[in-house]
Amino acid sequence: MSYLTGEYECKLDAKGRMMIPAGLKKQLPEADAEGLVINRGLENYLVIYTKKEWDKRLDELSKLNEYDRKSIQFVRYFTGGATTMIPDSAGRINLPKNLMEHAGITGDVVLTCMLNKIEVWDLNAHKVMIANEPENFAELAEEVMGNKRRVNE
């Protein structure tokens, strides 16, 4: 599997459209034909998935108990607002107004590749998030990754 990499600052036009940066567009060859799916993130950002990745998420969700209230609630909030975007002839995508409001996007954005998805942050919110990096990143790394077994073992 190939993972997405990079961080890109993007300008939004008055209609909420942005160009997909060239470096990212090369990593998303299927976007023109299949489109992308954008939705709310778990915090104040948006998430863009390729259609294939979004379908994987839906496959996972379809296995949840449809009669369990927490499962229903999770599926409702996770999928609510999901919108398919197909780049226009100029290579732009239009961020839905309701999702922009949810994420507090008021101007330019930062696209941050996160393995198999892309987070879309308001530029100022992204600066605040980065400024709040843990004082001791090494401790966080040890806590999160320290108990992982080596793949080659």
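# A quick tour, starting at helix α7

Asn-136 caps the N-terminal end of α7, with one of its side-chain oxygens sitting 3.2 Å from the backbone nitrogen of Ala-138. Keep in mind that what you're looking at is a predicted model. From that helix we'll move on to some aromatic rings, a buried asparagine, a few charged pairs and a loop residue with an unusual backbone angle.

**Helix α7 and its greasy patch**

- How many of the nine residues in α7 are buried? The count is zero, so this helix is hardly covered, given that buried means under 20% relative accessible area.
- Phe-137 belongs to this helix, which covers residues 137–145.
- Phe-137 has a relative accessibility of 49%, so it counts as partly exposed. The cut-off for exposed is over 50%.
- Phe-137 joins Leu-140, Val-144 and Met-145 in making a nonpolar patch on the surface, about 380 Å² in area.

**Aromatic rings**

- If you search the whole structure for aromatic pairs, you'll find four.
- One of them is Trp-54 with Phe-78, a stacked pair: the ring centres are 5.7 Å apart and the planes differ by 10°.
- Why does this pair tie together separate parts of the chain? Trp-54 is in helix α3 (residues 51–62) while Phe-78 is in helix α4 (residues 69–79), so the pair links parts that lie 24 residues apart in sequence.
- Are these two residues buried or exposed? Trp-54 has a relative accessible area of 7%, so it's buried. Phe-78 is buried too, at 17%.
- Ring pairs also build a cluster, made up of Tyr-49, Trp-54, Phe-74 and Phe-78.

**Asn-39, a buried polar residue**

- You'll find Asn-39 in strand β3, which runs over residues 36–40.
- Asn-39 has a relative accessible area of 1%, so it's buried.
- Which atom does the side chain of Asn-39 reach at 2.3 Å? That's the backbone oxygen of Phe-78, the residue whose ring stacks with Trp-54.
- Setting aside neighbours within four places in sequence, Asn-39 has contacts that include Trp-54 and Phe-78. Leu-46, Val-47 and Leu-99 are among the others, and so are Thr-79, Gly-80, Gly-81 and Ala-82.

**Salt bridges**

- There are five salt bridges in the whole structure.
- One pairs Arg-17 with Asp-13, and their closest N and O atoms are 2.7 Å apart. Arg-17 is partly exposed, with a relative accessible area of 22%, and Asp-13 is also partly exposed, at 29%.
- Asp-55 and Lys-51 make another, with 2.8 Å between the closest N and O atoms. These two are four residues apart in helix α3, so about one helical turn separates them. Both ends are partly exposed: Asp-55 comes in at 30% relative accessibility and Lys-51 at 29%.
- Here's a handy bit of background: an α-helix has 3.6 residues a turn, so residues three or four places apart point the same way.
- Lys-56 and Glu-53 also meet in a salt bridge, at 3.2 Å from N to O. Again, both are in helix α3, but here they're three residues apart, about one turn of the helix.
- Which partner in that last pair is buried, and which is partly exposed? Lys-56 is partly exposed, at 38%, whereas Glu-53 is buried, at 7%.
- Glu-53 has another partner as well: its side chain makes a polar contact with the side chain of Asn-116, at 3.1 Å.

**Leu-115, an odd backbone angle**

- Where does Leu-115 sit? It's in the loop between strands β7 (109–114) and β8 (117–122).
- Leu-115 has a positive phi of about 65°, even though it isn't a glycine.
- Why is that worth a second look? Most residues other than glycine have a negative phi.
- Leu-115 has a relative accessible area of 56%, so it counts as exposed.

Conventions. Residues are numbered from 1 along each chain as its sequence is written. This is a predicted model: local features need pLDDT of at least 70, side-chain atom pairs count only at pLDDT 80 or more; totals for chains, interfaces and linings use all residues. Side-chain values use heavy atoms; hydrogens and water are left out. Patches are made of residues with over 30% relative accessible area and no salt bridge: like charges are joined within 9 Å, nonpolar side chains (Val, Leu, Ile, Met, Phe, Trp, Tyr) within 5 Å. Accessible areas come from the Shrake-Rupley method with a 1.4 Å probe; for residues, only the protein chains shown count as cover. A salt bridge is a side-chain nitrogen of Lys or Arg within 4 Å of a carboxyl oxygen of Asp or Glu. Buried means under 20% relative accessible area, exposed over 50%, partly exposed in between (1.4 Å probe, protein chains only). Rings of Phe, Tyr and Trp (its six-membered ring) pair if their centres lie within 6.5 Å; planes under 30 degrees apart count as stacked, over 60 as edge-to-face and the rest as tilted. A polar contact is a pair of N or O atoms within 3.5 Å; within protein, one must be able to donate a hydrogen and the other to accept it, and residues adjacent in sequence count only if both atoms are side-chain atoms. Contact means heavy atoms within 4.5 Å.
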